[in-house]
Amino acid sequence: MRFISIGFGNMVSAGRVVTLVSPDSAPVKRLIQDAREAGRVIDVTCGRRTRSVIITDSDHVILSAIQAETISNRLNGESAEVTEAEEDV
């Protein structure tokens, strides 16, 4: 089982990720709100701005403060090991 860092010491199983999207569009905002009401939101932003939304095969919605592109690179196995402090710039 392979885990991907999604920020602040949190990890998600790479095999469980269905999609990775930006939180800016209205449909994604509705998806987050519906999941929040159903108790399926996992917020790992540590109070920071949400920069990516991860949807898992169990229909959980994970909110991350890491850019979607960075998480995508990690999922694809590219060695883009940027520290969280560098991403906050």
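Let me start with helix H1, residues 26-38, in what is a predicted model. H1 has 13 residues, and at 1.5 Å a residue the helix should span 18 Å. The C-alpha atoms at its two ends are 18 Å apart, so the expected span and the model agree.

Which residues of H1 are buried? They are Val28, Ile32 and Ala35. These residues cover an arc of only 70° around the axis, so they sit on the same side of H1.

What do the buried residues of H1 pack against? The answer is four strands: S3 (17-21), S4 (41-43), S5 (52-56) and S6 (61-64). If you turn the helix round, the face away from the buried side carries exposed residues, namely Lys29, Arg30, Glu37 and Ala38. Just after H1 comes Gly39, which takes a positive phi of about 75°.

Now the chain as a whole. It contains 3 helices and 6 strands. Reading from the N terminus, the order of elements is β-β-β-α-β-β-β-α-α. The chain has 89 residues, and 34% of them are buried. On contacts, take the pairs of residues at least 6 apart in sequence: 47% of those contacts join residues at least 24 apart.

Next, the surface. The chain exposes about 5,400 Å², and carbon and sulfur atoms supply 49% of that area. One feature to look at is a nonpolar surface patch formed by Met1, Phe3 and Met11. Together, these three residues have about 410 Å² of accessible area. Met1 belongs to the segment before strand S1, which covers residues 3-7. Is Met1 buried or exposed? Its relative accessible area is 83%, and the cut-off for exposed is over 50%, so Met1 is exposed.

The last residue I will point out is Asn76. Where is Asn76 found? It is in the loop between helix H2 (68-75) and helix H3 (84-87). Asn76 has 55% relative accessibility, so this residue also counts as exposed, by that cut-off of over 50%. Along the chain, Asn76 and Ile4 are 72 residues apart. In space, the C-alpha atoms of Asn76 and Ile4 are separated by 10.0 Å.

To go back to the helix: H1 has its buried residues Val28, Ile32 and Ala35 on the same side, and these pack against strands S3, S4, S5 and S6. The face turned away from them carries Lys29, Arg30, Glu37 and Ala38, which are exposed.

Definitions and conventions
Residues are numbered from 1 along each chain as its sequence is written. This is a predicted model: local features need pLDDT of at least 70, side-chain atom pairs count only at pLDDT 80 or more; totals for chains, interfaces and linings use all residues. Side-chain values use heavy atoms; hydrogens and water are left out. Patches are made of residues with over 30% relative accessible area and no salt bridge: like charges are joined within 9 Å, nonpolar side chains (Val, Leu, Ile, Met, Phe, Trp, Tyr) within 5 Å. Accessible areas come from the Shrake-Rupley method with a 1.4 Å probe; for residues, only the protein chains shown count as cover. A salt bridge is a side-chain nitrogen of Lys or Arg within 4 Å of a carboxyl oxygen of Asp or Glu. Buried means under 20% relative accessible area, exposed over 50%, partly exposed in between (1.4 Å probe, protein chains only). The expected span of a helix is 1.5 Å times one less than its number of residues. The arc is that of the directions from the helix axis to the C-beta atoms. Contact means heavy atoms within 4.5 Å.
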